[in-house]
Amino acid sequence: MKIFLDTGNLKEIEALVPLGIVDGVTTNPSLMAKEGGDPRAIIRSICELVQGPVSAEVVATEWQAMVTEGRELAAIDSHVVVKVPFTRDGVRACKVLAGDEIRVNVTLIFSATQALIAAKVGAAYVSPFIGRLDDIASDGMGLVRQIVDIFDAHQFMTEVLVASVRGPMHIVEAARMGADVCTCPVSVVEACFKHPLTDIGLEKFLKDWEKAQASRP
Ligand code: E4P
């Protein structure tokens with residue numbers, strides 16, 4: 001399963017890319033607004049840092065304007081994946097952009113029927129927002145299971161990109177279910193590096209090693 005970073009922050013991306021675990025990046029208008037500056041310049045810089053898919057979302061809401069904006073975003077770099085929201089206009093825009101061989105990530109997916117429709121119009125990715133479903137006492141991971149089953153049964157090439165991830169257990173469950181991608185805030189990736197037994201174990205190894213060195217003749 002691929003791991004994407006869900007951020008528009010260049011410093012966060014720069015810090016994790018050298019570890020070799022970042023397969024791509026997703027952004028959204030809220031994340032880009034947080035960064036300030038020129039969003040297209042930021043997307044270009046992200047593409048220079050990450051040799052993988054970088055989702056950039058349209059802010060237009062009418063399908064023709066979405067197509068125009070999507071083509072402009074795709075022209076920034078060959079790594080750009082155009083993100084459109086799941087609306088009637090978004091679906092129509094996805095169909096046109098996919099016809100242009102532009103990869104589209106259909107976002108704000110909250111039901112299996114939405115994912116099925118997005119796959120039928122050629123989406124490269126669908127983004128079910130599992131954390132936001134969990135927040136309202138719905139089963140976010142259950143939705144991922146439904147989408148994976150449907151795509152497997154009908155051999156859709158569309159990848160399941162698990163989004164709105166809140167913690168490491170979402171990564172584990174997404175991987176067990178056979179999701180293609182999990183996009184994570186940096187805080188969730190950092191949490192995967194923390195384990196008290198690893199820290200305690202390393203401390204003991206190093207202490208034992210030092211003791212042995214000190215007692216050498
Ligand atoms: C996905 O592409 C979205 O950017 C993101 O995962 C949304 O997450 P949130 O629900 O934490 O805002």
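These legends go with close-up views of a predicted model.

**View 1. A salt bridge that joins helix α4 and helix α3.**
Here the side chains of E72 and R40 come together in a salt bridge, at 2.9 Å from N to O. The two partners sit 32 residues apart in the chain, with E72 in helix α4 (residues 63–76) and R40 in helix α3 (residues 39–49), so this pair links distant parts of the chain. How exposed is E72? Its relative accessibility is 38%, so E72 goes down as partly exposed. R40 is partly exposed too, because its relative accessible area of 30% falls between the 20% and 50% limits. Keep R40 in mind, since the residue turns up again in the lining of the second largest pocket. The structure has eight salt bridges by the rule used here, and the E72 and R40 pair is one of those shown in these views.

**View 2. A salt bridge within helix α8.**
D149 and R145 pair up here, and their closest N and O atoms are 3.4 Å apart. Where do D149 and R145 lie? Both belong to helix α8 (residues 140–153), with their positions four residues apart in the count, about one turn of the helix. D149 has a relative accessible area of 41%, which means that it is partly exposed. R145, at 35%, is partly exposed as well. As a general point, side chains of opposite charge can pair when their charged atoms come close.

**View 3. A salt bridge within helix α11.**
This view moves to E203 and K207, whose side chains meet in a salt bridge at 3.2 Å, N to O. Both residues are part of helix α11 (residues 196–214), and they are four residues apart, about one turn of the helix. E203 is partly exposed, with a relative accessible area of 48%. For K207 the relative accessibility is 48%, so K207 also counts as partly exposed.

**View 4. Two of the aromatic pairs, F4 with Y125 and F151 with F156.**
How many aromatic pairs does a search of the whole structure find? The search turns up three. In one of them, the ring centres of F4 and Y125 are 6.3 Å apart and the planes stand at 65°, so the pair is edge-to-face. F4 comes from strand β1 (residues 2–6) and Y125 from strand β6 (residues 125–128), so the pair ties together parts that are 121 residues apart in sequence. Both F4 and Y125 are buried. Next come F151 and F156: their ring centres are 5.5 Å apart and their planes are at 65°, so this pair is edge-to-face too. Is F151 buried or exposed? F151 is buried, at a relative accessible area of 4%, whereas F156 is partly exposed at 24%.

**View 5. The largest pocket and its lining.**
The largest pocket has a volume of about 310 Å³. It is lined by 23 residues, and the ones closest to its centre are D6, N28, L31, R132 and P185. Which helix gives the most to this lining? That is helix α2 (residues 29–35), with four residues. By type, the lining of the largest pocket splits into ten polar, seven charged and six nonpolar residues.

**View 6. The second largest pocket.**
Its volume is about 190 Å³. The lining is made up of T27, N28, P29, M32, P39, R40, I43, A56, E57, V59, E69 and L73. Each of α2, α3, β3 (54–57) and α4 supplies at least two lining residues, and the largest share, three residues, comes from α3. What kinds of residue make up this lining? Seven are nonpolar, three charged and two polar. N28 was already named among the residues closest to the centre of the largest pocket, and N28 is part of this lining as well.

**View 7. E57 and its contacts.**
E57 belongs to strand β3 and is among the residues that line the second largest pocket. Is E57 buried or exposed? The relative accessible area is 16%, under the 20% limit, so E57 is buried. Leaving out residues up to four places away in sequence, E57 touches T27, N28, P29, E69, L73, K83 and T107. T27, N28, P29, E69 and L73 also appear in the lining of the second largest pocket.

Technical notes: Residues are numbered from 1 along each chain as its sequence is written. This is a predicted model: local features need pLDDT of at least 70, side-chain atom pairs count only at pLDDT 80 or more; totals for chains, interfaces and linings use all residues. Side-chain values use heavy atoms; hydrogens and water are left out. A salt bridge is a side-chain nitrogen of Lys or Arg within 4 Å of a carboxyl oxygen of Asp or Glu. Buried means under 20% relative accessible area, exposed over 50%, partly exposed in between (1.4 Å probe, protein chains only). Rings of Phe, Tyr and Trp (its six-membered ring) pair if their centres lie within 6.5 Å; planes under 30 degrees apart count as stacked, over 60 as edge-to-face and the rest as tilted. On a 1 Å grid over the protein atoms alone, a cavity is a set of points where a 1.4 Å probe fits but cannot get out, and a pocket is an open set with protein on both sides within 12 Å along at least five of seven lines; lining residues have an atom within 4 Å of a point. Grid points are joined across faces, edges and corners, and a volume is the space filled by probe spheres set on the points. Ala, Val, Leu, Ile, Met, Phe, Trp, Tyr, Cys and Pro count as nonpolar, Asp, Glu, Lys and Arg as charged, and the others, Gly among them, as polar. Contact means heavy atoms within 4.5 Å.
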